[in-house]
Amino acid sequence: MSHKAILQNIGSIFKKEENDFLELTQAINNYKEITYSLSNINLENEASRADIHFNNGKALGTTWAAMCIDDIIRTKIFVKSVFNAIETLKEKKSGPIHILYAGTGPFATLLLPIFATYSPKEVTATLLEINQESFDSVKQVINKLGFEEHIVSYENEDATTFTIDKAIPVDIILSETLQCGLVKEQQVPITLNLLNQVPKNTILIPEMLALDVCLLNLKAYENRTETTPETDYCIVLDRLIEINNASNIEFQLDNTTTETKILSEKEITVLPKDATQFETLVLITRMTIFGDNQIKINESGLTVPIIIQVFSNQTTEKKFKISYKIDSEPGYVIHW
């Protein structure tokens with residue numbers, strides 16, 4: 001079977017509504033085998049592990065970017081969402097759908113099954129990657145697979161300051177440059193920069209990212225089933241920040257400065273009556289990738305609750321401030 005046929009099959013598995021983990025694991029293993037075989041990069045090389053640091057976050061080293069494929073639900077839901085977004089647009093638009101993929105990593109993992117499934121007359125892409133080794137690798141992989149006709153351009157630039165070529169309108173902005181808690185990487189500044197340059201109705205993938213400050217009953221959380229209502233084990237105290245396709249209006253961000261920018265700050269009160277039953281203060285990353293496609297709590301490394309503090313025998317209310325900042329190490333900051 002050709003690489004293209006295998007990628008088509010992988011795409012068809014990722015598109016399914018249900019999750020068959022045996023089938024998904026095999027698909028991911030096949031996907032890794034193809035991508036690793038097509039690239040000359042040595043993932044064990046120390047230089048390939050080096051991240052690139054900027055004044056508004058870091059870009060992953062090639063090795064770590066390549067390993068993102070191993071997060072099965074993340075890979076499946078993102079690829080499925082791109083398929084769904086394309087099908088939604090095809091009902092409204094004639095001509096090719098143009099995807100701007102910011103932070104491709106060494107393989108353009110989220111688009112290869114797309115290119116294998118659609119013709120260049122249906123889907124094109126601009127591939128944007130700052131890491132030189134990953135950039136060289138992704139060009140090599142695209143070339144070996146014969147997908148060059150899908151590519152509008154390759155851009156070896158910083159996505160947080162990249163200027164979109166207005167001559168070819170962008171239909172979908174795709175960027176998966178994030179970690180749990182929206183820390184360290186450049187997802188937020190990348191998103192805000194690119195949204196500033198496209199029409200309001202441009203599809204953003206992921207569609208919504210948010211950080212919720214919550215209280216968990218850890219025992220109930222660990223014993224939950226797929227049908228357990230979240231309210232049985234979790235109280236949402238407040239939403240620290242939400243990023244969606246209107247966030248560039250809410251958050252004005254100058255990506256060229258080195259100073260720390262506070263995008264959001266909340267004052268939170270933890271009441272004794274809540275802390276008695278829900279004893280663990282956590283930060284939960286919420287992710288809607290596109291439409292009904294969500295990565296739910298603990299389904300991926302991206303949505304594992306971040307434990308902030310465990311309360312024991314809490315008899316007085318606790319107050320603290322939590323903020324979300326952009327600087328050389330983006331993330332949340334807590335002041336008690």
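## Strand pairing, helix packing and cysteines

Leu174 stands opposite Ile205 in S7, and this pair belongs to the contact between strand S6 (residues 172–175) and S7, which pair in the parallel sense over three bridges. The model described here is a predicted one.

S6 and S7 are part of an open sheet of five strands, arranged in the order S5-S4-S3-S6-S7 with parallel pairing. Its edges are strand S5 (151–155) and strand S7 (203–205), each of which pairs on one side only. From one strand to the next, the twist averages 15°.

Helices pack on this sheet. Helix H6 (residues 132–145) lies across strand S4 (123–128) and S5, and runs at about 155° to S5. Helix H7 (residues 187–195) touches strand S3 (97–102), S6 and S7, and its direction makes about 165° with that of S6.

Antiparallel pairing is found around strand S11 (residues 280–290). Because eleven of its eleven residues are buried, S11 is largely enclosed by the rest of the structure. The pairings of S11 are set out below, each with a pair of residues that face one another.

| Strand paired with S11 | Sense | Bridges | Residue pair |
|---|---|---|---|
| S8 (residues 208–216) | antiparallel | nine | Leu216 and Thr280 |
| S13 (residues 306–310) | antiparallel | four | Thr280 and Val310 |
| S12 (residues 293–295) | antiparallel | three | Thr288 and Gln294 |

Thr280 thus appears in two of these pairings, as the bridge partner of Leu216 and as the residue opposite Val310 in S13. S11 and S12 form a hairpin with two residues between the strands, and in this hairpin Gly291 takes a positive phi near 60°.

The cysteines remain to be considered. How many disulfides does the structure hold? The count is zero. For Cys180, the reason is one of distance, because its sulfur is 12 Å from the closest cysteine sulfur, that of Cys214, which is too far for a bond. Cys214 is likewise in no disulfide, although for this residue the nearest cysteine sulfur, belonging to Cys234, is 3.9 Å away; a disulfide would require the two sulfur atoms to be within 2.5 Å.

Are Cys180 and Cys214 buried or exposed? Cys180 is buried, with a relative accessible area of 16%, and Cys214 also counts as buried, at 0% relative accessibility.

Methods: Residues numbered from 1 in each chain as written. Predicted model: local features only at pLDDT ≥ 70, side-chain atom pairs only at ≥ 80, totals over all residues. Heavy atoms only, no water. Buried < 20%, exposed > 50% of the residue type's maximum accessible area, 1.4 Å probe, protein only. Pairing = 2+ DSSP bridges. Axes fitted to C-alpha atoms, helices over the stretch in contact; angles between N-to-C directions. Contact = heavy atoms within 4.5 Å.
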